[in-house]
Amino acid sequence: MKKSAFIGAVTMAVMSISLALATPQQAVTQVRGNATQVLSILSKANGANDAQVRRQAENYAIPYFDFERMTALAVGNPWRNASVAQKQALTQEFKTLLIRTYSGTMLKFKNAKVTVRDNPVVNRGGQEVIVRAEVVAAGGGKPVNMDYTLYQSGGKYRVYNVAVEGASLVTVYRNQFGQTIGQKGIDGLIADLKSKNGQ
């Protein structure tokens, strides 16, 4: 649970990607800069303003997630058969789940050190880029390797998956969602997500 919280917190910090990028190297530069910016926001927390600071960090990061694509990948093949309304509901609930699960732990890692590596991996004719980072929690410890997968669309890059020590966030949720869909269908998954989100 502790590692999961750490992964989620750092993911929120590093996933913020500029919407005006054009090359893989610019993606690396922006990941590095935005990681610094989010950690700078979190450093303003003083105990009395934690909720406000956390929301500010969320508001900075959230617009740069492609939640719909993340949800489609997490749901897998059943996504193709879902209705438009079901897809919208799944995307909204998955987004809420990720925010609720991870944003609350962000402040615990406000002093983490994030090192974004140069030389991104470029796939699919340059439309997909993997940016690699190394994260060390405040106080030291073993570095955690994180790979962010971004796609290029109209001169911009957006994150749609992250792998921590080789474990893909999307794949982890796909395994969970697949079991639920197999037992309860798409509507059952939506209901389960709403329940987890306190609705």
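Trainee: Which residue lies over the face of Y160, and at what distance from the ring centre?
Mentor: That's R69, at 4.0 Å from the ring centre of Y160. Keep in mind this is a predicted model.

Trainee: OK. And what about R69 and Y151, where does the charged end sit?
Mentor: Over the ring of Y151, with 4.4 Å to the ring's centre.

Trainee: Switching to ring–ring stuff: how many aromatic pairs does the structure hold?
Mentor: Five. One of the pairs is F94 with Y173, edge-to-face, at 5.1 Å centre to centre and 75° between the planes.

Trainee: Which parts does that pair tie together?
Mentor: F94 is in helix α5 (residues 84-102) and Y173 is in helix α6 (residues 169-196), so the pair bridges parts 79 residues apart in sequence.

Trainee: Are those two buried or exposed?
Mentor: Buried, both F94 and Y173.

Trainee: And why is F94 with F177 called edge-to-face?
Mentor: Their planes sit at 75°, and over 60 counts as edge-to-face. The ring centres of F94 and F177 are 5.4 Å apart. This pair also links helix α5 to helix α6, with F94 and F177 83 residues apart. F177 is buried, as is F94.

Trainee: What do F94, Y173 and F177 form?
Mentor: One aromatic cluster.

Trainee: Zooming out, what pattern does the protein follow along the sequence?
Mentor: α-α-α-α-α-β-β-β-β-β-β-α, with six helices and six strands.

Trainee: What share of the residues is buried?
Mentor: 47% of the 199 residues. As for the accessible surface, it comes to about 9800 Å², and 47% of that belongs to carbon and sulfur atoms.

How values were computed
Residues numbered from 1 in each chain as written. Predicted model: local features only at pLDDT ≥ 70, side-chain atom pairs only at ≥ 80, totals over all residues. Heavy atoms only, no water. Helix = DSSP H or I, 4+ residues; strand = E, 2+ residues; numbered from the N terminus. Buried < 20%, exposed > 50% of the residue type's maximum accessible area, 1.4 Å probe, protein only. Areas by Shrake-Rupley, 256 points an atom, 1.4 Å probe, with all protein chains shown as cover. Phe/Tyr/Trp six-rings, centres within 6.5 Å; stacked < 30°, edge-to-face > 60°. Lys NZ or Arg CZ within 6 Å of the ring centre and 35° of its normal.
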